[in-house]
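Thanks for coming. I have one structure to go through today, and I will keep to charges, strands and a few single residues. Here it is.

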Amino acid sequence: MDLTGEFEHERPRLTRIAARVLGDPAEAEDAVQQAWLRLARTDVTAVDNLPGWLTTVVTRVCLDRLKAAVPAPHEPPDRAGVDPDPAEEVALADSVGSALHLVLDRLTPAERVALVLHDSFAVDFATIAGILDCTPVAARKHASRARSKVAAPPDGHGSVDWQVVDAFLSAARDGEFSRLLELLAPGVVVAGDPVAVGLGTPARIEGRDAVAEFFDGAAAAALPVFVLGRPGAAWFDRGVARVAFDFRVSAGLVTRIDFRAEPEALETIDRRRDGDRR
C-alpha cells in the first residue's frame, strides 16, 4: 500500500474535520500531521478501513486538545430511560442556523465532535460513539444538545445564516474553490423551480464537488436579499428581481440552494445589508 499517497488523498477531508472541530486552521494542520506520524508507526495490515481509521485518529487528537485547553462546560444529567425523539432531532437539525465557528465555545468537546462528524461529514453515531468512548445513544444526545446550543442566538443576537451565505457568495465571485468546498455540506443539493430552469438555471445538482464547480467564479451579479424570510441572494435585471437564490444553512454549512423564479417567491424578496433589511 502506498501510505503517502493514501494519506495525501485523505488529507483535505481530515483537515476540514479538524478545522471544524478545533475552530483553528493552524491547529487543524498540526492535528492532521500528528495522525500522519501515528500512521507511520502503525501496522496498516491490521487496518481494514484506512479512511475510517484516519478519521478516528484525527478526531481523537482534536478531542484531546479540546479537553486539555478548556474545562468541559457542565452537562445536565440525562433522564433515565428517555431516548431522543427522532422527530425532535430532525426539527433541531432544520433549525440550526448559526455559523458553527461562532459558537464553538458554547459546546463541550464531545458535542463539537458529535455535531461536526455527524451533521457536516455524515459519520454514523456508532462510529462517533467509538471515538467518544460512549454509547451510540449518548453520541446522538451530544449532537442533539449541540444543535440546540448552535440554534440558540448568543447574547440576544439574531441568526448568522447571512454570514455563511455571504461568505459563500464571496468565494463564488472570487473563484475560491477550496473555500466553497469548506462551506458546503457533503450532501448539498441545488435545484431550480420550473420558471428558473426556463431562464437557464440547472434543474438539479447534487454533491459538494459538483455544486462548488458550478458556482466557482459565478454569482458575480447576485445581490444580498431575504427570500421567504431567509438570508439569500437574487439576480436583478433593470432593478427587478428575476431569480432568487434561496439558501438553507445548517451548522455553518450550506445544505441546499433553490433557484426560485416563480412570482410568489419573488414577491417575498427584501434587499438586505448583512443580516438586516434595507
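Asp166 is partly exposed, because its relative accessible area is 21%, and buried means under 20%. This is a predicted model, so please take what follows as read from a prediction. Asp166 forms a salt bridge with Arg272, and the closest N and O atoms are 2.6 Å apart. The two partners come from distant parts of the chain: Asp166 sits in helix 8, residues 161-174, and Arg272 in strand 7, with their positions 106 residues apart in sequence. Is Arg272 buried or exposed? Arg272 has a relative accessible area of 1%, so it is buried.

Under the rule used here, the salt bridges number 12. Another of these joins Glu10 and Arg13, at 2.7 Å from N to O. Both residues are in helix 1, 3 residues apart, which is about one turn of the helix. Glu10 counts as buried because its relative accessibility is 9%, whereas Arg13, with 24%, is partly exposed.

Next, Asp258 and Arg260. Their salt bridge has its closest N and O atoms 3.6 Å apart. Asp258 is buried, with a relative accessible area of 8%. Through shared partners, salt bridges connect Arg230, Asp246, Arg256, Asp258 and Arg260 in one network.

Now a charged residue without such a partner. Arg20 is in helix 1, which covers residues 3-22. Which side chain of opposite charge is nearest to Arg20, and how far away is it? It is Glu182, at 6.3 Å; Arg20 is buried and has no salt bridge. A salt bridge needs the nitrogen within 4 Å of the carboxyl oxygen, so 6.3 Å does not qualify. The side chain of Arg20 does reach the backbone oxygen of Glu182, at 2.3 Å.

On to the strands. Strand 3 pairs with strand 4 in the antiparallel sense, over 6 bridges. Leu223 has Ala234 in strand 4 as its bridge partner. Strand 3 is also joined to strand 7, residues 270-273, by 2 bridges, and these two run antiparallel. There, Phe226 has Asp270 in strand 7 as its bridge partner.

Two backbone angles deserve a look. Most residues other than glycine have a negative phi. Leu228 is not a glycine, yet its phi is positive, about 55°. Leu228 lies in the loop between strand 3 and strand 4, a hairpin with 2 residues between the strands. With a relative accessible area of 38%, Leu228 is partly exposed. Ala219 also has a positive phi, near 65°. Ala219 is placed in the loop between helix 11 (208-215) and strand 3 (222-227), and at 15% relative accessible area Ala219 is buried.

Phe245 is in strand 5, residues 240-250. Its relative accessibility is 10%, so Phe245 counts as buried. What does Phe245 contact beyond its neighbours within four places in sequence? The contacts include Phe215, Ala222, Val227, Trp235, Ile257 and Phe259, and Asp258 is among them too. The C-alpha atoms of Phe245 and Phe226 are separated by 9.3 Å, with the two residues 19 residues apart along the chain.

Last, Val137, in helix 7, residues 136-151. Val137 is partly exposed because its relative accessibility is 36%. From Val137 to Phe125, 12 residues away in sequence, the C-alpha to C-alpha distance is 7.8 Å.

That is the end of my list.

Technical notes: Residues are numbered from 1 along each chain as its sequence is written. This is a predicted model: local features need pLDDT of at least 70, side-chain atom pairs count only at pLDDT 80 or more; totals for chains, interfaces and linings use all residues. Side-chain values use heavy atoms; hydrogens and water are left out. Helices (H or I, at least four residues) and strands (E, at least two) are DSSP runs, numbered from the N terminus. Buried means under 20% relative accessible area, exposed over 50%, partly exposed in between (1.4 Å probe, protein chains only). Lys and Arg count as positive and Asp and Glu as negative; His and the chain ends are not counted. A polar contact is a pair of N or O atoms within 3.5 Å; within protein, one must be able to donate a hydrogen and the other to accept it, and residues adjacent in sequence count only if both atoms are side-chain atoms. Contact means heavy atoms within 4.5 Å. Two strands pair if DSSP finds at least two bridges between them.
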